Amino acid sequence: MRKLLSLPRFPIVVGLLAVVVLMGHRRYCGAPLGPSPSADPHRAMSGWLSNPADNMSYSAWAEQAKRGEWLFSDLFTTDLHPPFYFNPYFQWVGRCARWFHVEAIAVMHLLAMASALLVAVLVYDASRCLGWSPLAARISCLLALFSSGWTAWLAMVGVNLRGADFGFGDLFASNNFAAGPYQAFAGAVQMLLVWSLIRAERAGDIRSPGREGLLILVSIAAAATTTIRPYGIVLPLVAYTGYVLMTLWASVDDESLALRPRFLVLIFMAIGALPTLAYTDWLTHWPVWHNFASASLSNPKPAVFWTIGFGSTLFLSLWGVHLIARDLRRMPSASWLALWVCMAVGGFIFLEFHCTKLLEGAFLAMCLLAGGAVQEIVQNIRRLRLRGMRVAAYVLLMAFVFSGVPSYALYLHEFRGRADHYDPEIVETMGELAKQPDAAVLTDAITGNRLPGLLGVRVWSGHWSLTPKYRDKARQLEQAGISAGVGTEDDPIWLCLKDVVFTQAKASAPHDVARMQSNLQHLLVTSLCDYLLVNRRTPAYRLARESLRLPMVKETDRWALFRTDRPSPSQSPPAH
């Protein structure tokens, strides 16, 4: 640990630079850290820059922790299910928001910026532990914080083809620091696991000073990685297991190979990872949770998507794999990273596996190996006799290494003027009801995505994977006159979902008022909701007020809240 604290200034300076860039980027985009009013009284800023549909679901977990809950339920459905979900990250976010009286979304963004600094330090030190030169460690550090793929270059020549750097930003640390705070923190914890594995193996025998602490850190980091975001543990665990088995096989002919220290590291990693993996698997067999797990895993992409997305870092990391395979004895600690990258490339680029979220963290492993490749190339350049050729070679190399920086810059630029917003009257209309943990609200699908993330309120429908039968429910809402299309044509959630959900739902909406009233009455009974929140311009508002005569709780200029006169549903599991 003393060595970590005495690191060179480079990773700290670069990490702080990344924080400055992130703060400046939010100012450039006009996006605050959390929910805030804007100059337009009809629009308030939520604090999210991209993918508000999913990010609101993350803040919904934190809102439950802010209320003091330890186990979470799914706020995007009224289906009965047990509150069995535990996540230390959301617990920490919610508790901090409660202690310091701030919004949970703001805490998530601040933790993301702190994660950038932590990743810079860990990547640099891990590179040095692998035996890379200071230059190679700096390259790895810069790639992790400021680089991605080649989509920007294709855009410059008019090719409308987007790679993973834009189509699957969860996989890139640089993108997550700006727009995906949950993934950014999970990536930092995963990098802590990688660093602890490299350090623990380098320490050698269990009797070495500090080795016990490193092994305990391996278990803690593995458990945290699995609990916070379980996708990130699978490939590292399989890769390190394969690495130990390869060492076992090779030790038959060469007894000098250090099998015991590596096997011990694997045991401590498994102690942390396997129980939490078992808990995650157990959770997915319960109602509601099973739908969420199955809907979020499968997302197949073609090989060109990944090749463009990972760009130069992919090819440099493959060169690093070649160097490690050529001299396994000299670089044993990097062997399992090479195996990790090979599984990622072989499984998802060539074989096109569907569980693409398992790639999380692979980009950081690529950055570590890319640094070793740059080190080897620089050594070869230094052998050139002519100074002009050396200078030209250095320029070409750096241009290739950092060819992903323009995509990172374009990724940041695209958020300008597109920060997520919502109607502040939604919060005003809900009023004190937002503090009732058992209250459930029937509202349109757009507002249904906002309420859990902003107020921690349960809704009938609001998320593509956390709401069972989401498309069908969007259709039912439209048929009941609870339109999701009122004033939402510039809404980010509407724009990302209208082609696959809302357009089809609106097309099936009836024009017969009597039929719409019957559909609304049916929803009021079957949705198990206590309140109905509708925009005053929707047919449901007139039906609820004039035809059904529901009790009015509160009405503002644009929204109305009605009581459905039914008891709140219990969220405890059904008795057996």
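Asparagine 51 is partly exposed in this predicted model, with a relative accessible area of 34%. The residue sits in the loop that runs between strand 2 (44-45) and helix 3 (52-66). Its backbone deserves a second look: asparagine 51 has a positive phi of about 45 degrees, although it is not a glycine. Most residues other than glycine have a negative phi.

Lysine 469 can be read alongside it. Here too phi is positive, at about 55 degrees, and again the residue is not a glycine. Lysine 469 belongs to the loop between strand 5 (458-459) and helix 22 (470-479). With a relative accessibility of 64%, lysine 469 counts as exposed, because the value is over the 50% cut-off for that class.

A wider view helps to place these loops. The secondary structure of the protein chain comes to 25 helices and 8 strands. The chain has 576 residues, and 56% of them count as buried. Contacts between residues at least 6 apart in sequence were also examined, and 74% of these join residues at least 24 apart. About 24400 Å² of the protein chain is exposed, with carbon and sulfur atoms supplying 63% of that area.

Part of the surface forms a nonpolar patch. Trp153, Met156, Val157, Val159, Leu161 and Val304 together make this patch, which covers about 560 Å². One of its members, valine 304, is found in helix 15 (residues 303-326). Valine 304 has a relative accessibility of 43% and so counts as partly exposed.

Turning to the interior, helix 5 (residues 104-129) holds alanine 112. This alanine counts as buried, at 0% relative accessibility. Which residues are in contact with alanine 112, once its neighbours within four places in sequence are left aside? They are Phe177, Pro181 and Ala184. The C-alpha atoms of alanine 112 and alanine 178 are separated by 7.9 Å, although the two residues are 66 residues apart along the chain.

Threonine 225, in helix 11 (residues 211-228), is another buried residue, with a relative accessible area of 3%. That value is under 20%, so threonine 225 falls in the buried class. A polar atom of the threonine 225 side chain lies 2.7 Å from the backbone oxygen of alanine 221. Leaving aside its neighbours within four places in sequence, threonine 225 is in contact with Val189, Gln190 and Leu193, and also with Pro230, Gly232 and Ile233.

Helix 19 (residues 405-413) shows how burial can be arranged around a helix. Its buried residues are Ser407, Tyr408, Tyr411 and Leu412. These four cover an arc of only 140 degrees around the axis, which puts them on the same side of helix 19. What covers these buried residues? The cover includes helix 2 (9-29), helix 6 (134-146) and helix 7 (151-156), together with helix 8 (164-167) and helix 9 (173-179).

Technical notes. Residues numbered from 1 in each chain as written. Predicted model: local features only at pLDDT ≥ 70, side-chain atom pairs only at ≥ 80, totals over all residues. Heavy atoms only, no water. Patch = residues over 30% accessible without salt bridge, like charges linked within 9 Å, V, L, I, M, F, W, Y side chains within 5 Å. Areas by Shrake-Rupley, 256 points an atom, 1.4 Å probe, with all protein chains shown as cover. Salt bridge = Lys/Arg side-chain N within 4 Å of Asp/Glu carboxyl O. Helix = DSSP H or I, 4+ residues; strand = E, 2+ residues; numbered from the N terminus. Buried < 20%, exposed > 50% of the residue type's maximum accessible area, 1.4 Å probe, protein only. Arc of directions from axis to C-beta. Contact = heavy atoms within 4.5 Å. Polar contact = N/O pair within 3.5 Å; in protein donor to acceptor, adjacent residues only side chain to side chain.
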